[in-house]
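Got your viewer open? Let's take a short walk through this model, one selection at a time.

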Amino acid sequence: MVKDRVKSKAAPRDQRRPQGRRRSSTPPRGTKRRAATRTQRTEAVRRRITAPPPELRALDQKSGVPRIRLIAALLALSLALAVIVGRVAMLKTSDAESFRSAGTQQWTRTTDIIPQRGTIFDRHGNELSLSVPAAAISINPKLLEDGAATVRVLDDLLGLSDEKVTQLLAEVDAADRGFVYVARQVDASIGEQIAALNRAGVNVDPEARRELPGGETAQTVLGRTNIDGVGIAGLEMQYNDLLTGSGGQSTREIGPNGRTIPGSETISEAPVAGEDLVLTIDRSIQFTTEQVLLEQADAIGARGGLIVVMDTDTGEIYANASVRRDSETGEAMVTNGNYVAVDSYEPGSVAKVITVAGALNEGAVTPDTAFEVPWREQYYDDLLSDSHEHPTEVMTVADILVESSNIGTIKIQQRMGRFVHHDYMTAFGLGSKTALDFPGESAGIFKPADKLFGSERVTVSYGQGLSSTPLQMAAAINTIANGGVYVAPKLVRATVGPDGTTTEMPGSPTRRVVSEWAAEQTAVMMQDVVCHGTATRAAVEGLPIAGKTGTAFKAADNGTYFDENGNRVYYASFVGFFPADNPQVTVLVAMDEPPAGTGNRFGGTAAAPVFAGLAPTLIHELGIQPADGSVGCEG
Amino acid sequence: MAAAARTHRQTAAPQPSKRAERRTAPSLRVVEDRSRWPAVVGTALLFVVMAAMLGAAIFHTQLAERQLTIDELEREVQAERSRFDELRRDRALLRSPQRIADEALLLGMVRGDASRFIEIDPTLLAIQIATAGATDDDVSRVIVETDPLDQFRDVKSVSAGQL
């Protein structure tokens, strides 16, 4: 084509030239040529700028016009650019998310951040349960470069069991799983050491470990969490949502070999720490309470023991202790379960306080009202009796309470009416859960008055034929200490929010049950119980104490009141408060299954001494001082 | 010779007529000189764009550097938080009644089994105040003690809720 064009260009030029002589507008070198006339010169110029002949122009048109080619090229480039820009726009808009997530999955790893679980404090801000940094160690057998060596290194650092090492080696050999836990909740420092190894396929994820700095102290009420930090018992379970907070997420970049790229971790969603609980528990009182219980259980050979210590005015629980002998080792230990709130027992003679206070409040009796009381009497189908034989005698209401006469108490109940009596028992909180709403809390067993059968109708007056939790009974007797006003027990004093602000919990609900006078008269009689009655071992020098003992038969696991050896099963208790003239603290002590056939099976011998042993600590920790002129039993 | 050639050329190439001359001549026209301001504006714009891009690059670099610093600070804060928790745990362990009781037992102490309320002789009280300057209650105030709960709240309030 090019050749043709050259030829075709050459032809007309030849045609224009005269034959035989070369014509050139360019003069020979060294010569100077000038057109003869102006016309000739003009013609010469015109020839030079004359457009090519039509043939040449046709050839030019055939090969295209430069401007059009440029426009075409521009359009093509613009189109290509538009396509590219469009694609980029798509990648950045509609397709962006899918590509971004796909890419992110390839080179990042997202980890859930477990929020800091709230701390549980005692009333003075001492940590009872808190979370400390720990680490979870896991491996990805598919990414391990030298699995056996890695397992050996981890074993050296973590001290794994032989079984665990064997299991890990099997996982490494199989290499069919992408995630295998090596150890959980290891010390954070060990986790850092393992992370510093920077071995492919070894993951170190932060987590928290729940610790009880006080050891067993208060674990009865605190409960526990599982390995994932979820509350599964006690307050940890009850307030799990509050303590947990909300989790977050962190993202870190990983290399092709699975190693984390240092410094690449970013928190994509910040976690929010859980709230903290400030309990009403006093750690020192709680500890001493548990110790005296353990000592007494060992001393008398009881199965266990329970103590509730509560503030008389506010219902705040200072201590909530539960001790039980381990069935295998035979050792008395602080329990995980809060049997103070969960287990119910027949309270026994402690319930006589309710009967007497109700009768006083109804005006049915006064402390001096006298009854003729035999040592035993037939009621319905049962021959009921006092704890000891005595001649039929005239006993005042005060005498009946001090000597803990069952028959006398029945007579008081009959004087006020058993349905009225039932109402008082209910008003004192028996038969319904307390405001604590503790997990697994028992309401006890207290039948409606019209459902009571046979002698149950009268035995409930002295605490048989019904059951209550130690917590319920402590709150009931605290009503007397609190001037006739029932105040619900309280375990949580305040919460501390994520921003550090403290929110006080509302006060315990209260209700008046008996008049102040009736409560006061009952308290005076209870002082006589400690000074002259069945609870003399609860007396504390220089401090007036009011209380009441209870010795009840306990239903054994076989459904009777006798154990497999044919012995009676007892539940011995004492409830008291002090200073009796200005009560500040109410304490219930119960010894579970004190040994039958010994003098230690009674409330006055098994439980009252524990009260006296605990009193010095309470006096010291709570700063209790007797009122001026106030004396104990020696006065 | 040259004159003969010129004569020959004049006879060989007849003078074209005015009409033919007009027909074969290209239609040329003199265009006006184009203004240069679009080029100037374009150049300026290009310069501004380039400067903006350079600025953006510098800005992004600065951001990345600051982010690295922030990340480092966050890691330090996290480490300090962890250390705070561990120290709290250690303090709670040291102050736990169980540990104190164990230590006391090792020292041969026993728990008191009774309390006695006694009247303090005013003379003794006066001597105590004269020698120590305070009674027990007052002395307790001398000891600098931070409430652990207050301390915890202070830290928690500045840690965005995540200790």
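**Stop one: a helix on its own**

Select residues 66–92 of chain A: this is helix 4 of chain A, with 27 residues, and it reaches 38 Å from its first C-alpha to its last, close to the 39 Å expected at 1.5 Å a residue. (Expected span means 1.5 Å times one less than the number of residues; helices are DSSP runs of H or I, at least four residues, numbered from the N terminus.) Helix 4 of chain A is hardly covered, with a count of zero buried residues among its 27; buried means 20 or more other C-beta atoms within 10 Å of a residue's own, with C-beta atoms placed from the backbone.

A note on what you're viewing: this is a predicted model, where local features need pLDDT of at least 70 and side-chain atom pairs count only at pLDDT 80 or more, while totals for chains, interfaces and linings use all residues. Residues are numbered from 1 along each chain as its sequence is written, and chains are lettered from A and ligands numbered from 1 in the order in which they are written.

**Stop two: a helix pair**

Now pick residues 147–158 (helix 6) and 188–197 (helix 8) of chain A, which pack at an angle of about 155° with axes 10 Å apart. That makes helix 6 of chain A roughly antiparallel to helix 8 of chain A (the word applies over 145 degrees). Show A:V153 and A:L157 from helix 6 of chain A and A:I190 and A:I194 from helix 8 of chain A, which are among the residues making the contact (C-beta atoms, placed from the backbone, within 7 Å).

**Stop three: where the chains meet**

Finally, show both chains: 35 residues of chain B are in contact with 44 residues of chain A. Helix 3 of chain B gives the most to chain B's side, with nine residues.

Note on methods
Contact = placed C-beta atoms within 7 Å. Helix = DSSP H or I, 4+ residues; strand = E, 2+ residues; numbered from the N terminus. Axes fitted to C-alpha atoms, helices over the stretch in contact; angles between N-to-C directions. Parallel < 35°, antiparallel > 145°, perpendicular 65-115°, else oblique. Buried ≥ 20, exposed ≤ 12 C-beta atoms within 10 Å, placed from the backbone.
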